[in-house]
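Reader: Could you take me through one part of this model up close? I'd like to start with the chain it sits in and then zoom in.

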Amino acid sequence: MSIIRTEHLSKSFGSLQVLKDINLSVEQGEVIVIIGPSGAGKSTFLRSLNELETITGGKIFIDEQLVEERKHGHVVFTLPPKEKAAYLLEMGMVFQRFNLFPHKTAAENVMLAPINVKNVTKEEARARAEALLTKVGLEDKFDEYPSKLSGGQQQRVAIARALAMEPKIMLFDEPTSALDPELVGDVLKVMQELAEDGMTMLVVSHEMGFAKGVADRVLFMCDGIIAEEGSPDEIFSNPQNPRTKQFLNVIL
Amino acid sequence: MESLTKIWNWMPALLKASGVTLELTVASVLTALVLGIFLALGKISKNKPIKWLSSAYIFFFRGTPLLLQLFFIYYSIPMMVPALTIQSRFVSAWIAFSLNVAAYLAEIIRAAIQSVDKGQLEASKSLGLTYAQSMRLVIIPQAYRRMIPPICNEFVMVLKDTSLVAIIAVTDLTFQARIIASNKASTLVYIPVMIIYLILTGIFTTVFNRLEKKFSVYE
């Protein structure tokens, strides 16, 4: 059963069409890495899935339930807001620039949404936050403010914060591109452990090592479409599409 | 020595008038803060009529002289609608100042809210918080600290602007000083009055500096 499925997804910003026709089905437990040149629409695609961007056309299914359908920018179908919110909660997101809440400590960042969205008690949320922060290797940083943490530590808090809502799938939008090189490894390690635990993941990243080692499928996005997809081996060792070849030549 | 005795004798009246100035300032700014938050949220709202109303309000109250607004509320409104006659001059002044200052504070609050990084709202949304929850729990708490210095500035301006109420015969500090100056034919009175104004602004500034520190703990 697919956790997320899109049919003919398109997105335009004014006259600029960023996503043309994206058809993707993400199965439970799958780790998919999306690569591609900048401006290909990778981030926009992730952001369309959890409604940070409004799609222009196409359908989005979550757990095989049609959540939103649009045509030429107009709504054809949309779930009632409360029901939709429940489906959107199945997605957790990690941003390139962390977006931690600077006025909250690490633990408070993780506790905020469970307390206010899921009505979890403070004690329970705190215990869960401590467990998650320990899991991402920050057992000694519970009560630090984000400004006192390194980029890599902040990104790991952000991962814990998303996990606290117990999502079925995690969306990673270039999670390591804003980090100093020596801090990338810690974040990738956490992501790898998450994948090993069976989390379904959709990752926009240029970390080829991670893609080769962890991904089940690699998608190459270019000009608003998925130009090529396959196993990491197929994409990296034997790309078929000339655009894929060209891109890999530049970055490898 | 004689001068000092004179000044000493004026002090009770001056202190009483300082109380009026202080009360009017604090009451107006606090009322304006509440009104200003709603106006600011209205101005950044996606709801067109609400946005338009808030913008029109701000446009009007920033675009006309406070003195005229004071006249309008005290003289014109009771003439047009007798039911809205306000007996107390102080209350008239309080309403005029609150309405006026709210327009300025709304812009301060709006700017502070909009200066919070867009990623904060996106992160809140991706965690399932509603727009109202995101504003209350994430955006506005971060905006507080940025509002403090300009609000302090506004406080100090209002404190001095309250001297306009003399025009509707509210006995504030400046008006009292003028009464004494003309009755006793002594312009000496302006010296203690200026000192009192300085002490009052000094107190505001100190309080706001403390507040700013308190809200900066996480930086």
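Author: Chain B of this predicted model is built from eight helices and zero strands, so there's just α-α-α-α-α-α-α-α to read from the N terminus on. Along the principal axes, its C-alpha atoms fill a box of roughly 70 × 50 × 25 Å.

Let's zoom in on α4(B), which covers residues 89-115 and has 27 residues. From first C-alpha to last, α4(B) reaches 39 Å, close to the 39 Å you'd expect at 1.5 Å a residue. There is a bend along the way, though: about 25°, at B:Ala102. At the N-terminal end of α4(B), B:Ser88 acts as the cap. One of its side-chain oxygens lies 3.2 Å from the backbone nitrogen of B:Phe90.

Another helix of chain B, α6(B) (residues 131-161), pairs up with α3(A) (residues 106-117) of chain A. Their axes come within 12 Å and cross at roughly 145°, and the crossing is right-handed. On the chain A side, the residues making contact are A:Leu112, A:Asn116 and A:Val117. They meet B:Gln133, B:Leu137 and B:Val138 in α6(B). Sort the residues of that contact by type and you get four nonpolar, two polar and no charged. As for the spacing, an α-helix has 3.6 residues a turn, so residues three or four places apart point the same way.

Note on methods:
Residues numbered from 1 in each chain as written. Chains lettered and ligands numbered in written order. Predicted model: local features only at pLDDT ≥ 70, side-chain atom pairs only at ≥ 80, totals over all residues. Heavy atoms only, no water. Helix = DSSP H or I, 4+ residues; strand = E, 2+ residues; numbered from the N terminus. Expected span 1.5 Å × (residues − 1). Bend = angle between axes of the 7 residues up to and from the residue. Polar contact = N/O pair within 3.5 Å; in protein donor to acceptor, adjacent residues only side chain to side chain. Axes fitted to C-alpha atoms, helices over the stretch in contact; angles between N-to-C directions. Left-handed = near helix turned anticlockwise from the far one by under 90°. Contact = heavy atoms within 4.5 Å. Nonpolar A, V, L, I, M, F, W, Y, C, P; charged D, E, K, R; others polar.
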